[in-house]
Amino acid sequence: MRKTILLALSAVAIASVSTNYAGDITGKISLKGSAPAEKDLPIANDPFCGKLFAGKPVTTTRFYLADSSGGLADTFVFIKSGLEGKTIPAATGAVHVDQKGCEYLPYVFGLQTGQTLNVKNSDPLMHNVHVTPGAKSGNKESNKAQMAGSKDYEYTFEHPEVFLRFKCDVHPWMFAYAGVVDHPYFAVSAEDGSFKIANVPPGEYVVEAVHRKTHPRGTGITQTVKVGADGAKADFTIEVPAN
Ligand SMILES: [Cu+2]
């Protein structure tokens with residue numbers, strides 16, 4: 001009898017472990033078609049920013065960063081639906097953005113609502129951080145100069161918005177784009193196009209991949225995945241739009 005109870009208890013323990021596992025959604029973003037040539041930015045000709053680039057190649061736009069295998073960087077990938085009724089962990093840690101060489105680094109990043117965004121100015125000159133949310137997003141616009149050596153600025157955003165744009169009004173080529181969602185299940189594709197959304201609870205989800213230049217209205221391409229104990233795979237192909 002005692003043995004039966006113990007066996008029953010361990011079965012319950014195994015069952016509860018197996019419904020609490022979390023898996024990773026991994027995949028690759030591939031670019032299909034030939035991307036238009038990037039445009040040179042006027043950084044080199046700027047009397048102040050130009051000095052930061054002495055001896056370095058002129059920086060260009062970063063619209064389509066594809067590697068030799070066709071992997072596409074800077075694509076925001078996130079769970080679009082399927083999290084309803086699940087416990088969503090609160091945001092932890094800060095996301096860091098730097099202004100360096102008169103560019104925002106990184107160019108595209110993800111952020112959870114309520115998560116701290118830390119913005120640094122590493123340059124020996126003034127930038128201004130102009131947050132330009134969409135009119136209907138509910139997020140707040142702000143515009144603050146940030147001097148050389150100034151303390152970092154911190155922001156939080158309360159409403160999902162893909163993409164929330166940052167710009168510098170001093171240097172009209174400086175932009176960064178945040179994918180803001182109300183959960184931690186997002187990623188930005190790396191230089192080889194790969195991405196990993198970590199620790200996703202089991203379930204069936206619609207995953208969306210949004211590339212800023214291909215999907216300027218912020219609606220990307222989706223697919224449904226089932227996350228089990230081994231996670232799930234989700235590869236996306238993003239086609240260069242015909243003009
Ligand atoms: Cu600037």
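**Aromatic pairs and ring contacts**

Eleven aromatic pairs are present in the structure, which is a predicted model. One of these pairs is formed by phenylalanine 109 and phenylalanine 166, with a centre-to-centre distance of 5.9 Å and an angle of 50 degrees between the planes, a tilted arrangement. Distant parts of the chain are linked by this pair: phenylalanine 109 belongs to strand β5 (residues 108-112) and phenylalanine 166 to strand β10 (residues 161-167), the two residues being 57 residues apart. Phenylalanine 109 and phenylalanine 166 are both buried.

Phenylalanine 166 also pairs with phenylalanine 157; the planes of these two rings lie at 85 degrees with the centres 6.0 Å apart, so the pair is edge-to-face. Phenylalanine 157 is buried, as is phenylalanine 166.

A cluster linked by ring pairs comprises Phe76, Phe78, Tyr107, Phe163, Phe175, Tyr177 and Phe186. Tyrosine 177, a member of this cluster, also lies beneath a charge: the charged end of arginine 212 sits over the ring of tyrosine 177, at 4.1 Å from the ring centre. A further arrangement of this kind involves lysine 144, whose charged end sits over the ring of tyrosine 153 at 4.0 Å from the ring centre.

With regard to the chain as a whole, two helices and 17 strands are assigned. Of its 243 residues, 45% count as buried. Among contacts between residues at least 6 apart in sequence, 64% join residues at least 24 apart. The area exposed by the chain is about 12900 Å², of which 55% is supplied by carbon and sulfur atoms.

Technical notes: Residues are numbered from 1 along each chain as its sequence is written. This is a predicted model: local features need pLDDT of at least 70, side-chain atom pairs count only at pLDDT 80 or more; totals for chains, interfaces and linings use all residues. Side-chain values use heavy atoms; hydrogens and water are left out. Rings of Phe, Tyr and Trp (its six-membered ring) pair if their centres lie within 6.5 Å; planes under 30 degrees apart count as stacked, over 60 as edge-to-face and the rest as tilted. Helices (H or I, at least four residues) and strands (E, at least two) are DSSP runs, numbered from the N terminus. Buried means under 20% relative accessible area, exposed over 50%, partly exposed in between (1.4 Å probe, protein chains only). A charge sits over a ring if NZ of Lys or CZ of Arg is within 6 Å of the ring centre and within 35 degrees of the ring normal. Contact means heavy atoms within 4.5 Å. Accessible areas come from the Shrake-Rupley method with a 1.4 Å probe; for residues, only the protein chains shown count as cover.
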